[in-house]
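Thanks for making time for this one. I will go through the fold, then the packing, then a few single residues.

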Amino acid sequence: MKIIFIIVFHIVITDFCYSQENLSSIYDSLVKSADSLSKKEDYSVALKDYESAFSIKQTDELKRKIGYTKYIILAQEEFNELVKSADSLFKNRDYVGAKKLYIKSCLIKPTESYVKHRIYEIDVILKEQEE
């Protein structure tokens, strides 16, 4: 009876160790994938990988990466909404209102050339209207 217990115990421990190694490997792969996706600015998929890795192993670093990725996604959504609204105002010739929204969107993504170009266009139009 003692021998059977030892054999069963050995099998259980071996499976557990293999399982832990496997989980560690999966965790590392998920984090590596998410980091790569973040560099490519594919934040939605990166977030899923970070959250999957977090379900395996909770670390402060991973918690920060998840928080940062969520922040980037929300900022991108806000930027897109501002530009969409500004484009609509621009189309309806509300240049002052459009410019305000474009400027707000610049606070989120200061290097976005489309927005800078639209602000320049509005400035030209408003200057022509003054003359």
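Read along the sequence, the pattern is α-α-α-α-α. That is five helices in the protein chain, and zero strands. Keep in mind that this is a predicted model.

Some totals for the chain. It has 131 residues, and 26% of them are buried. The exposed surface comes to about 9,800 Å², with 58% of that supplied by carbon and sulfur atoms. If you take the contacts with a separation of 6 or more, 43% are between residues 24 or more positions apart.

I will start with α3, residues 60-91. How far apart should the ends of its 32 residues be, and how far apart are they? At 1.5 Å a residue the expected span is 46 Å, and the end C-alpha atoms are 46 Å apart, so the two agree. The buried residues of α3 are L62, I66, T69, I72, I73, A75, F79, L82, V83, A86 and F90.

Next, who packs against α3. A general point on how I will describe this: two packed helices are described by the angle between their axes and the distance between the axes.

The partner I take up here is α2, residues 43-56. Its axis and that of α3 come within 10 Å and cross at roughly 155°. An angle over 145 degrees counts as roughly antiparallel, so α2 is roughly antiparallel to α3. The crossing is left-handed. On the α2 side, the contact is made by Y43, S44, L47, Y50, E51, A53 and F54. On the α3 side, the residues are L62, K63, K65, I66, T69, K70, I72 and I73.

One residue to pick out of that contact is I73, in helix α3. Is I73 buried or exposed? Its relative accessibility is 18%, and the cut-off for buried is under 20%, so I73 counts as buried. Setting aside neighbours within four places in sequence, I73 is in contact with Y43, S44 and L47. Y43 is 30 residues away from I73 along the chain, yet their C-alpha atoms are separated by 6.5 Å.

The other partner to go through is α5, residues 113-130. Here the axes of α3 and α5 are 12 Å apart and the angle is about 25°. Anything under 35 degrees counts as roughly parallel, which means that α3 is roughly parallel to α5. This crossing, of α3 and α5, is left-handed. From α3, the residues involved are F79, V83, D87 and F90. They meet Y114, V115, R118, E121, I122 and I125 in α5.

That brings me to α4, residues 95-108. α4 has 14 residues and reaches 20 Å from its first C-alpha to its last, close to the 20 Å expected at 1.5 Å a residue. Buried in α4 are Y95, G97, A98, L101, Y102, S105 and C106. What do these buried residues pack against? They pack against α3 and α5.

Now the loops, with two backbone angles to check. Which residue with a positive phi follows α3? It is R93, with phi near 65°. R93 is a residue other than glycine, and its place is in the loop between α3 and α4. At 64% relative accessibility, R93 counts as exposed.

E41 also has a phi near 65°, a positive value, and is a residue other than glycine. E41 sits in the loop between α1, residues 2-39, and α2. With a relative accessible area of 59%, E41 is exposed.

Last residue: D35, in helix α1. Its relative accessible area is 23%, so D35 is partly exposed. Which residues does D35 touch, not counting those up to four places away in sequence? They are Y50 and K65. Y50 is one of the α2 residues in the contact with α3, and K65 is one of those on the α3 side. As for backbone separation, the C-alpha atoms of D35 and L47 are 9.6 Å apart, with their positions twelve residues apart along the chain.

To recap the packing: α2 is roughly antiparallel to α3, α5 is roughly parallel to α3, and the buried residues of α4 pack against α3 and α5. That is what I have; questions are welcome.

Notes: Residues are numbered from 1 along each chain as its sequence is written. This is a predicted model: local features need pLDDT of at least 70, side-chain atom pairs count only at pLDDT 80 or more; totals for chains, interfaces and linings use all residues. Side-chain values use heavy atoms; hydrogens and water are left out. Helices (H or I, at least four residues) and strands (E, at least two) are DSSP runs, numbered from the N terminus. Buried means under 20% relative accessible area, exposed over 50%, partly exposed in between (1.4 Å probe, protein chains only). Contact means heavy atoms within 4.5 Å. Accessible areas come from the Shrake-Rupley method with a 1.4 Å probe; for residues, only the protein chains shown count as cover. The expected span of a helix is 1.5 Å times one less than its number of residues. Axes are lines fitted to C-alpha atoms, for helices over the stretch in contact, and angles run from 0 to 180 degrees between N-to-C directions. Angles under 35 degrees count as roughly parallel, over 145 as roughly antiparallel, 65 to 115 as roughly perpendicular and the rest as oblique. A crossing is left-handed if the near helix is turned anticlockwise from the far one by less than a right angle, and right-handed if clockwise.
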